[in-house]
Amino acid sequence: MARNQSTPEQQSVRVLKVGERVRHILSELLARGEAHDEVLSASNIAVTEVRMTPDLRNAKAYVKPLLGQDEDKVLKALRTNTAFFQKEVAKRLGLKFAPKLSFQPDESFDEADRIERLLDDPRVARDLDEDGDA
């Protein structure tokens, strides 16, 4: 009896799909204020990405409070309520194992701002114009 084996590409697609499902579940829980935490209820929090390990046992959720307000308080509240989020994700996901969640700040917006400032620098603009003239 042959086992149904999947290719690495199929496995990585599954990891991405599960990560996206976890992101949607967390976003929904936060939007509805189901965590029963004052800090989380008072904040609009974006779950920008969830990265799963290949075995689907661990998930890093990257979050950003809108306008970056009270990021430290929000992260602390999320980490305090991790057990609630893990239980809800497990219930709604229907996998054999519930992924262990960890919440991380999303630095990508800060990095994008830094790159934008670099591109707006007059010296960089001058160099870009010289390349375009050649």
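Biologist: Why is strand β2 largely enclosed by the rest of the structure?

Modeller: In this predicted model, strand β2 covers residues 58–65, and six of its eight residues are buried, so the strand is largely enclosed by the rest of the structure.

Biologist: And which strands sit beside β2 in the sheet, in what order?

Modeller: The open sheet has three strands in the order β1-β2-β3, and its pairing is mixed. Strand β1 (residues 45–52) runs antiparallel to β2 and is joined to it by seven bridges, whereas β2 and β3 (residues 100–105) pair in the parallel sense over six bridges.

Biologist: Which residues could I click on to see those pairings? What stands opposite A46, and what stands opposite V63?

Modeller: For the antiparallel pair, A46 stands opposite K64 in β2; for the parallel pair, V63 stands opposite P105 in β3.

Biologist: How many residues lie between β1 and β2?

Modeller: There are five residues between them, and the two strands form a hairpin. In the turn, L56 has a positive phi of about 65°.

Biologist: Back to the sheet: which strands stand at the edges?

Modeller: Those are β1 and β3, and each has a single partner strand, so one side of each is left without a neighbour in the sheet. On average, neighbouring strands of this sheet are turned by 25° against each other, with direction ignored.

Biologist: Which strands does α3 touch?

Modeller: Helix α3 packs on the sheet and touches β1, β2 and β3, and its direction makes about 180° with that of β3.

Biologist: Zooming out, how many helices and strands are there in the protein chain?

Modeller: The protein chain has six helices and three strands, which follow one another along the sequence in the pattern α-α-β-β-α-α-β-α-α.

Biologist: What percentage of the residues count as buried?

Modeller: Of the 134 residues in the protein chain, 30% count as buried. The chain exposes about 9600 Å², of which carbon and sulfur atoms supply 50%.

Biologist: OK, now the core. Which residues have the most contacts inside the largest nonpolar core?

Modeller: That core has 26 residues, and those with the most contacts inside it are V22, L26, L40, F85 and F103. The elements that give it two or more residues are α1 (8–31), β1, β2, α3 (71–80), α4 (82–93) and β3, with the largest share, seven residues, coming from α1. As background, nonpolar side chains tend to be buried together in soluble globular proteins.

Biologist: Take L40 from that list; what does L40 touch?

Modeller: Leaving out residues up to four places away in sequence, L40 touches L30, A35, I45, V74, A77, L78, N81 and F85. Over the whole chain, among contacts between residues at least 6 apart in sequence, 64% join residues at least 24 apart.

Biologist: Different topic: is E88 buried or exposed?

Modeller: E88, which has its place in helix α4, has a relative accessible area of 7%, and because the cut-off for buried is under 20%, E88 counts as buried.

Biologist: What does the side chain of E88 make a polar contact with?

Modeller: The partner is the side chain of K91, and the polar contact is 3.3 Å.

Conventions
Residues are numbered from 1 along each chain as its sequence is written. This is a predicted model: local features need pLDDT of at least 70, side-chain atom pairs count only at pLDDT 80 or more; totals for chains, interfaces and linings use all residues. Side-chain values use heavy atoms; hydrogens and water are left out. Buried means under 20% relative accessible area, exposed over 50%, partly exposed in between (1.4 Å probe, protein chains only). Helices (H or I, at least four residues) and strands (E, at least two) are DSSP runs, numbered from the N terminus. Two strands pair if DSSP finds at least two bridges between them. Contact means heavy atoms within 4.5 Å. Accessible areas come from the Shrake-Rupley method with a 1.4 Å probe; for residues, only the protein chains shown count as cover. A nonpolar core is a set of buried Ala, Val, Leu, Ile, Met, Phe, Trp, Tyr and Cys residues joined through side-chain atoms within 4.5 Å. A polar contact is a pair of N or O atoms within 3.5 Å; within protein, one must be able to donate a hydrogen and the other to accept it, and residues adjacent in sequence count only if both atoms are side-chain atoms. Axes are lines fitted to C-alpha atoms, for helices over the stretch in contact, and angles run from 0 to 180 degrees between N-to-C directions.
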